[in-house]
Amino acid sequence: MKVLLIGSGGREDALAHALARSPRLTQLFAAPGNPGIAKVATCVALDVADHAAVVAFCRLMGVEFVVVGPEGPLVAGIVDDLAAAGIAAFGPSRLAARLEGSKGFTKDICAKYDIPTAAYGRFGDLASARAYLGRVGAPIVVKADGLAAGKGVTVAMTMEEAEAALADCFGGAFGTAGAEVVIEAFLDGEEASFFALCDGETALAFASAQDHKRVGDGDTGPNTGGMGAYSPAPVMTPEMSERVMAEIVRPTVKAMIAEGCPFTGVFFAGLMIGADGPQLIEYNTRFGDPETQVMLERLDGDLLDLLLATARGTLAEKTVTLSPDTALTVVMAANGYPGSVEKGSEIRGIEKAEALPGVTVFHAGTRADGGRILANGGRVLNVTARGASVTEAQARAYAGVAAIDWPQGFCRSDIGWRAVAREKDA
């Protein structure tokens, strides 16, 4: 089977390498891809925002299945346009992708169908948002309603921080994504990411992970797209995972059917696990980044087979098998991230890192220049390792980081710190 993978980040590099292991695959294309993906796929310079061009490429090359990595094309309806052309794709329709494309839409679904989540308000102007903020006080969470590349969320511990977040949203800091704002109650507990495949009717638990959103050690500094992750999430015991499926995921499946937009693809549920159990923070409608890098390192099975079953409505026949090992990834980012960064610095030592036991380096924001690899983004590399414990996986990943020569980059030094502390106390 010929497959086209859409995307160019670390998530897509991990997806590409997992897809490449499938015996069902005959040829893998990636648009636009990156130097890591190019090791297992043919990268093509397609404008993925031009859906007609994507359809034409698939027809020309005989592509039978498209895997959509990032959220932008999903929210823009690429799966609908591929389906109209008779090409199967992994991912939700434009209407179903509103679960990620509009945080307000998701909150309204939760309210209507009794899915546990934080109390909230939706606002389209600064004055009404400020009035609500004055009534509820801080700590509070302020979110741009639309897609903001993981940077439109502020956990405000003070009223001043909340006011500044509102000013950013309505002042255009996030473009049209901030034209509407969701303000929601601050939830206390432990965050986790939970993933489940869904074919429109059947939901199948996939894996759990925990990521580190803050840029600095000890979870300090501004939120980012993610500075590292590990899988599985210790808080997601089998019992808690089943609660999430029963109380959050399956009710969402039924809700989307009732709303006339059945969901097909992957639910990425951001959760808060507190004293009263799991609550939904938000949904994403694609695999996470950098969670995918660690989850797929643990997958014992054929990813392509699972994604095809998701698209074809046959998930009830499938199972997900995961290694009991832990996988942990450390994001190496360009200096200045999550603010403005300089591109073009050379990275050396990736091969040296990958020669270490259990270490894989996924490319997230790189480009090739002859035989050189250059930084080409904010989050640039995902140094990933497997181990029998979080402690072992962490040690291996940081050994990989140490092998890489890139003075213009940085990383957190404490990815997995909570889980490592748990293991020491056990």
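**Overall build and local backbone features**

The protein chain carries 14 helices and 23 strands. The model is a predicted one, and what follows starts with the chain as a whole before zooming in on a few strands and loops.

In terms of overall dimensions, the C-alpha trace stretches about 60 × 50 × 45 Å along its principal axes. The radius of gyration is 21 Å, and a compact globule of 426 residues would come out near 22 Å, so the chain agrees with that expectation. Burial fits into the picture too: of the 426 residues, 55% are buried. Contacts tell us about how the chain folds back on itself. Among those with a separation of 6 or more, 69% link residues that sit 24 or more positions apart.

Turning to the outside, the accessible surface adds up to about 16400 Å², and carbon and sulfur atoms own 52% of that. As for charge, there are 37 positive and 51 negative charges, and the mean positions of the two sets lie 2 Å apart.

On to the strands, beginning at the N-terminal end of the numbering. Strand β1 covers residues 2-7 and is mostly covered, with five of its six residues buried. Its partner is β2 (residues 27-32), and the two run parallel, joined by six bridges. Within this pair, Leu5 stands opposite Ala30 of β2. As a general point, side chains in a regular strand alternate between the two faces of the sheet.

Further along the chain there is an open sheet of three strands, in the order β18-β21-β20, with antiparallel pairing. Here β18 (346-347) and β20 (366-369) are the edge strands, each pairing on one side only. Zooming in on one half of this sheet, β20 and β21 (residues 372-375) are held in antiparallel register by four bridges. One residue pair to look up in the viewer is Arg367 with its bridge partner Leu374, the latter in β21.

The loops have some backbone details that deserve a look, starting with cis peptide bonds. One of them joins Ala138 and Pro139, with omega at about 0°. Pro139 belongs to the loop that runs between α7 (126-136) and β7 (140-144). Another cis peptide bond joins Ser231 and Pro232, this time with omega at about 5°. Here the proline, Pro232, is in the loop between β14 (228-231) and α9 (238-258).

Positive phi values turn up at two aspartates. Asp114 has phi near 55°, a positive value in a residue other than glycine. Its setting is the loop between α6 (103-112) and β6 (120-123). Asp114 has a relative accessible area of 67%, so it counts as exposed, the cut-off being over 50%.

Asp219 also has a positive phi, near 55°, and again this is a residue other than glycine. The loop in question lies between β12 (214-216) and β13 (220-223). With a relative accessibility of 22%, Asp219 is classed as partly exposed, because buried would require a value under 20%.

Technical notes
Residues numbered from 1 in each chain as written. Predicted model: local features only at pLDDT ≥ 70, side-chain atom pairs only at ≥ 80, totals over all residues. Heavy atoms only, no water. Rg over C-alpha atoms; globule rule 2.2 N^0.38 Å. Buried < 20%, exposed > 50% of the residue type's maximum accessible area, 1.4 Å probe, protein only. Contact = heavy atoms within 4.5 Å. Areas by Shrake-Rupley, 256 points an atom, 1.4 Å probe, with all protein chains shown as cover. Lys, Arg positive; Asp, Glu negative; His and termini not counted. Charge placed at Lys NZ, Arg CZ, Asp CG, Glu CD. Pairing = 2+ DSSP bridges.
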